[in-house]
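Here's a walk through one protein model, written for someone who would rather be at the bench. Have a look at the structure first, then we'll go through it piece by piece.

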Amino acid sequence: MQHLRHCQVLARVLPRAHSALQLKNNIPLASACSGLLSLRWGSGSSHQGHNYYSPRGPRFRYVLTGLVAGTGAVLAYGLHYNKAEQAATSVTHTSSLPVYSQEEVMKHSSLDEGVWVTYKGNVYDITNFVAIHPGGDKILLAAGGALEPFWALYAIHGQDHVLEILSEYKVGVLRPEDCKKQEIANSTDPYSTDPPRHPALIVNSLKPFNGEPPPALLTDNYITPSALFFKRNHFPVPQVDPDKYRLQIEGLLAGNVSLTLEELKSRFPKHTVTATLQCAGNRRSDMHKAKQVKGLNWGVAAISTATWSGARLRDVLYHYGFGPEVAAKARHVQFEGLDLDVTGTSYGASIPLNKAVSEEGDVLLAYEMNGEDLPKDHGYPVRVIVPGTVGARNVKWLGKIVVSEEESQSHWQQKDYKGFSPATDWDTVDYKSAPAIQELPVQSAITQPADGSIVDSSMEEVTVKGYAWSGGGREVVRVDVSVDGGKTWHVAELQNSETGQKPEPSPPPGQAWAWKLWEITIPLPEGAQELELVCKAVDSSYNFQPDTVLPIWNLRGVLNNAWHRVKVKVN
């Protein structure tokens, strides 16, 4: 029981497996945790000559050390040591293992009968592993069958340490004729139909795809080109036939409504909004440097701006019967996407009703981005655009709208995208104690020059560029920039249109949905060999950014809006 208690505590550290893959230099917490949690917590029994190892053995010690130290070297050494020890104490030859038919494997599809799975022609008895599987009981979906279709959704399973752990559960091999049948059945990668992406994008996760543009490219344009707009996916991109598309609407006096794409376009006026979307995890990498957090290792470019066109959500809801009678009960508008996980659960989120129906809220059922049909990665054929609100509520591939008394019960509304105190850890976190993130705080970042770059002293000055934005429609009114770590400050010039174009007039109060780009050229301090560039923004409500990360640190690594700092050398 003590071992199980530790397991349950540690399981809360692990993110959903599909978000654990990271292709940057930082070692993700998820990788260490998945290795730790995937260990056998047995007590030394055996099955058909296959040993079960105690959690107090060498493997557990080395993986735990790796988790605490945050280093791959300790993990690698521990796994190598354990493999050598196994080879010395218990050698199992594949040829001596029994051969099973797929029919025999299928008989073991429950905890009562035992949970068997197959992978690449081998048979595994994972009954004792189910309770400690980092992804929960979703592993039972593969019971009696092949792991490949499910592991294809979450690329983390292809890592060496996961495959090595699986090998400890091997009890036999699959008949050759059944292997051939599986090869045919497993030939389809759920991500094979994902759209191509721009090669310049910095990839944080391949499957599902999550990527951001290089910072220097991000602020080359006021309106971000669709190909460079940051991409945040939770599952494979769904393939939606626009002719068969139907948007379901529930909770109105007209009863359940089914709306085609053509009806959405023809029945309601087309409205265009320029709005910035920002992921809650933007600049997570900076927070991770201060103290380890969980999540994709986003840099400063999980934010982008586009022009969005479509029908106002308000117009659609009123057309189908929204009014005082509905408003007297309803408090939220829920959205469900057409992107699905392995259980058939769709991505979901919700926003407050008053935002959804406000004349000033500008919430769209968008079908165009930057003057063209929505790209597949950005929600084709229809997505929600909720200006001023965290990207997580801007649901893509929209399939259903529900006007409801309660907010969405989805994982991403109830147990993700929430902020907590720096004192909260994975042992004490209470998801119900924090509201779901809606409006985001004021934000700014430096995009040029890059951290670690060299400034030519003969130029006698340095030009600094970046972006600034605030949630809730609050306009950025000032950006301060320092070249000496914050000792002295200079006010940057703000830009709210494309370079060379006439500046746009300030939007109405509370409707500043788009960012400001900024730029400033500052003389080099005399004799300086290194500069610490810093930026901070102020919005129309005089909200400002905190100077350091640690006071706003949280275990999920969201809402990082501390001063952005970049160090450069002076040559």
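Not counting residues up to four places away in sequence, which residues does Thr-224 touch? Keep in mind that this is a predicted model. The list for Thr-224 runs to Leu-218, Phe-229, Ser-304, Thr-305, Asn-370 and Trp-515. Thr-224 itself sits in the loop between helix 9 (215-218) and strand 10 (231-232). Its relative accessibility is 2%, so Thr-224 counts as buried, the cut-off being under 20%.

That loop between helix 9 and strand 10 also holds Thr-219. With 12% relative accessibility, Thr-219 is counted as buried too, because the value is under 20%. Its side chain makes a polar contact with the side chain of Thr-447, at 2.7 Å. Leave out the neighbours within four places in sequence, and Thr-219 is in contact with Thr-447, Gln-448, Gly-466, Tyr-467 and Leu-517.

**The four-stranded sheet**

Thr-447 and Gln-448 take us to strand 21, which spans 443-448. Strand 21 belongs to an open sheet of four strands, ordered 21-23-27-26, with antiparallel pairing. At the edges are strand 21 and strand 26 (493-495), each of which pairs on one side only. On average, neighbouring strands here are turned by 30 degrees against each other, direction ignored. Strand 26 and strand 27 (residues 516-523) run antiparallel and are joined by three bridges. One partnership to look for on screen is Gln-495 with Leu-517 in strand 27. Leu-517 is also one of the residues in contact with Thr-219.

**The five-stranded sheet**

Another open sheet has five strands in the order 12-11-20-15-16, and its pairing is mixed. Strand 12 (257-260) and strand 16 (346-352) are at the edges with a single partner strand each, so one side of each has no neighbour in the sheet. The average turn between neighbouring strands of this sheet is 20 degrees, direction ignored. Strand 15 (residues 332-340) pairs with strand 16 in the antiparallel sense, over six bridges. Within that pair, Glu-336 stands opposite Gly-348 in strand 16.

**Around strand 17**

Strand 17 (residues 364-369) is mostly covered, with six of its six residues buried. Its pairings are easiest to take in side by side:

| Strand paired with strand 17 | Sense | Bridges |
|---|---|---|
| Strand 14 (residues 303-312) | antiparallel | five bridges |
| Strand 19 (residues 383-385) | antiparallel | three bridges |
| Strand 18 (residues 372-373) | antiparallel | two bridges |

Leu-365 is a handy landmark here. On the strand 14 side, its bridge partner is Ala-311, and Leu-365 also stands opposite Val-384 in strand 19. Further along, Met-369 stands opposite Glu-372 in strand 18. Strands 17 and 18 make a hairpin with two residues between the strands, and there Asn-370 takes a positive phi near 55 degrees. You've met Asn-370 already, as one of the residues touched by Thr-224.

**Two nonpolar cores**

In soluble globular proteins, nonpolar side chains tend to be buried together. In this model the largest nonpolar core has 55 residues, and the members touching the most other members are Leu-317, Val-333, Leu-365, Leu-398 and Ile-401. Setting aside residues up to four places away in sequence, Leu-398 touches Tyr-245, Leu-247, Phe-335, Glu-336, Gly-337, Leu-338, Leu-365, Val-382, Arg-383 and Val-384. A second, separate core has 22 residues, including Ile-446, Val-462, Ala-468 and Val-476.

**The cysteines**

How many disulfides does a search of the whole structure find? The count is zero. Cys-179 has a relative accessible area of 17% and is buried. Cys-535 is buried as well, with a relative accessible area of 0%.

Cys-535 is found in strand 28 (residues 530-539). Not counting residues up to four places away in sequence, Cys-535 touches Ser-444, Ala-445, Ile-446, Asp-480, Val-481, Trp-518, Gln-545, Trp-563 and His-564. Ile-446 among them is a member of the second core. The C-alpha atoms of Cys-535 and Gly-466 are 8.6 Å from each other, with the two residues 69 apart along the chain. Gly-466 is also in contact with Thr-219, which brings us back to the loop between helix 9 and strand 10.

Notes: Residues are numbered from 1 along each chain as its sequence is written. This is a predicted model: local features need pLDDT of at least 70, side-chain atom pairs count only at pLDDT 80 or more; totals for chains, interfaces and linings use all residues. Side-chain values use heavy atoms; hydrogens and water are left out. Two strands pair if DSSP finds at least two bridges between them. Axes are lines fitted to C-alpha atoms, for helices over the stretch in contact, and angles run from 0 to 180 degrees between N-to-C directions. Buried means under 20% relative accessible area, exposed over 50%, partly exposed in between (1.4 Å probe, protein chains only). Contact means heavy atoms within 4.5 Å. A disulfide is a pair of cysteine sulfur atoms within 2.5 Å. A nonpolar core is a set of buried Ala, Val, Leu, Ile, Met, Phe, Trp, Tyr and Cys residues joined through side-chain atoms within 4.5 Å. A polar contact is a pair of N or O atoms within 3.5 Å; within protein, one must be able to donate a hydrogen and the other to accept it, and residues adjacent in sequence count only if both atoms are side-chain atoms.
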